[in-house]
Amino acid sequence: MSRSPSPSFARIAAVLCAAIALSLPAGCGGAATAAPPAPQAGGGLIGSAAPELAAEVVSGEGPSTLKDASGKVVIVDFWATYCHPCRKSFPKYQELVERFGGDLAVLAVALDAPEDASKEQLVEFADEAGVKFKILWDKDQSAAKNYNPRRMPTAFIVDRSGVVRHVHAGYEDGEEEKISREIEALLGEAAGPPRAAPPAAPPPAEAPAPSDGGRSSP
């Protein structure tokens, strides 16, 4: 399903790579070999609530939004059909879904421009990778603006309370094992901060006995 990059793709790739060049020597796609991702490459969300996704549903099983995935650990993965490392990461994420069962969800958000790819091509990519998790399409780039992924792919690990806890910019062989350990740790945590029990209501005061003014009954 290889095809020549369209002019629109070239523009998108140029913008991505220009942003990367300011922070990462590794550029688009493959594994970094020199410096780790710059803190602003999605890392600014760590510790914050993950922005909700309003991307178009393309295919796949499982929740389509973070709200639907409430109570699960979620991998929000930004990818594209022209991303070669994504062909490696997709099958590994499917293995994680199968390993953790209903405790893990993957929301794979495609960043292809509508003029560069079709829904059928997105489905074909997922089918060739053998994945069943949810595929979404960020046609208007609203999710990309909220998450600010600087490399392809970039995976945001969201805990069961909806907070971004880890960011993986790029994909290296064995990256899924790091993510697996992070998921295990997050599943071992409580789903959210414990709520303090409301204070018990004080018992009603007893009414005083009526006074007879010191007189005793005859």
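**Entry 1: the disulfide**

I began with the torsion of the Cys-83 and Cys-86 link, which is 85° about the S-S bond and right-handed. The model is predicted, and I read each value below as computed from it. The sulfur atoms of Cys-83 and Cys-86 are 2.3 Å apart. I counted the disulfides under the distance rule and got 1. For my own reference, a disulfide is a covalent bond between the sulfur atoms of two cysteines.

Are the two cysteines buried or exposed? I looked up both. Cys-83 has a relative accessible area of 3%, so I list Cys-83 as buried. Cys-86 comes out at 0% relative accessibility and therefore also counts as buried.

**Entry 2: surroundings of Cys-83**

I placed Cys-83 in the loop between β2 and α2. Which residues does Cys-83 contact beyond its neighbours within four places in sequence? I found Phe-125, Met-152 and Pro-153. For Met-152 I also took the C-alpha to C-alpha distance to Cys-83, which is 6.3 Å, with the two positions 69 residues apart in sequence.

**Entry 3: Gln-94**

Next I went to helix α2, residues 84–100, where Gln-94 is found. Gln-94 has a relative accessible area of 7%, so I list Gln-94 as buried; the cut-off is under 20%. I then asked which backbone atom lies 2.8 Å from a polar atom of the Gln-94 side chain. It is the backbone nitrogen of Lys-132.

I listed the contacts of Gln-94, leaving aside neighbours within four places in sequence: Gly-130, Val-131, Lys-132 and Phe-133.

**Entry 4: Lys-132**

I followed that polar pair to its other end. Lys-132 sits in the loop between α3 (119–129) and β4. With a relative accessible area of 52%, Lys-132 is exposed, because the limit for that label is over 50%. Gln-94, its partner in the 2.8 Å pair, is buried.

Not counting residues up to four places away in sequence, I found Lys-132 touching Gly-60, Glu-61 and Gln-94. I also took the C-alpha separation of Lys-132 and Phe-90, which is 9.8 Å for residues 42 apart along the chain.

**Entry 5: helix α5**

I turned to α5, residues 175–187, which has 13 residues. Its first and last C-alpha atoms are 19 Å apart, close to the 18 Å expected at 1.5 Å a residue.

Which residues of α5 are buried? My list reads Glu-175, Glu-176, Ile-179, Ser-180, Glu-182, Ile-183 and Leu-186. They cover an arc of only 165° around the axis, so they lie on the same side of α5. The general background I noted is that an α-helix has 3.6 residues a turn, so residues three or four places apart point the same way.

What do the buried residues of α5 pack against? I recorded β2 (73–79), α2, β3 (104–110), β5 (154–158) and β6 (164–169). Helix α2 is also the element that holds Gln-94.

**Entry 6: salt bridge Glu-56 to Lys-139**

I counted 5 salt bridges in the structure and looked at some of them in detail. As background, side chains of opposite charge can pair when their charged atoms come close.

I checked Glu-56 and Lys-139, whose side chains meet at 3.0 Å, N to O. This pair links distant parts of the chain, 83 residues apart: Glu-56 belongs to strand β1 (residues 56–59), while Lys-139 is in the loop between β4 (134–137) and α4 (142–147). I read 31% relative accessibility for Glu-56, which is therefore partly exposed. Lys-139, at 38%, is partly exposed as well.

**Entry 7: salt bridges of Arg-165**

My last lookup was Arg-165, which is partly exposed with a relative accessible area of 29%. Asp-159 forms a salt bridge with Arg-165, with 3.0 Å between the closest N and O atoms. Asp-159 is at 9% relative accessibility, so I list Asp-159 as buried.

Glu-189 also forms a salt bridge with Arg-165, the closest N and O atoms being 2.9 Å apart. I placed Glu-189 in the segment after α5 and Arg-165 in strand β6; the pair links distant parts of the chain, 24 residues apart. Glu-189 is partly exposed, with a relative accessible area of 30%. Salt bridges that share partners join Asp-159, Arg-165 and Glu-189 into one network.

Key
Residues numbered from 1 in each chain as written. Predicted model: local features only at pLDDT ≥ 70, side-chain atom pairs only at ≥ 80, totals over all residues. Heavy atoms only, no water. Helix = DSSP H or I, 4+ residues; strand = E, 2+ residues; numbered from the N terminus. Buried < 20%, exposed > 50% of the residue type's maximum accessible area, 1.4 Å probe, protein only. Polar contact = N/O pair within 3.5 Å; in protein donor to acceptor, adjacent residues only side chain to side chain. Contact = heavy atoms within 4.5 Å. Disulfide = S-S within 2.5 Å. Expected span 1.5 Å × (residues − 1). Arc of directions from axis to C-beta. Salt bridge = Lys/Arg side-chain N within 4 Å of Asp/Glu carboxyl O.
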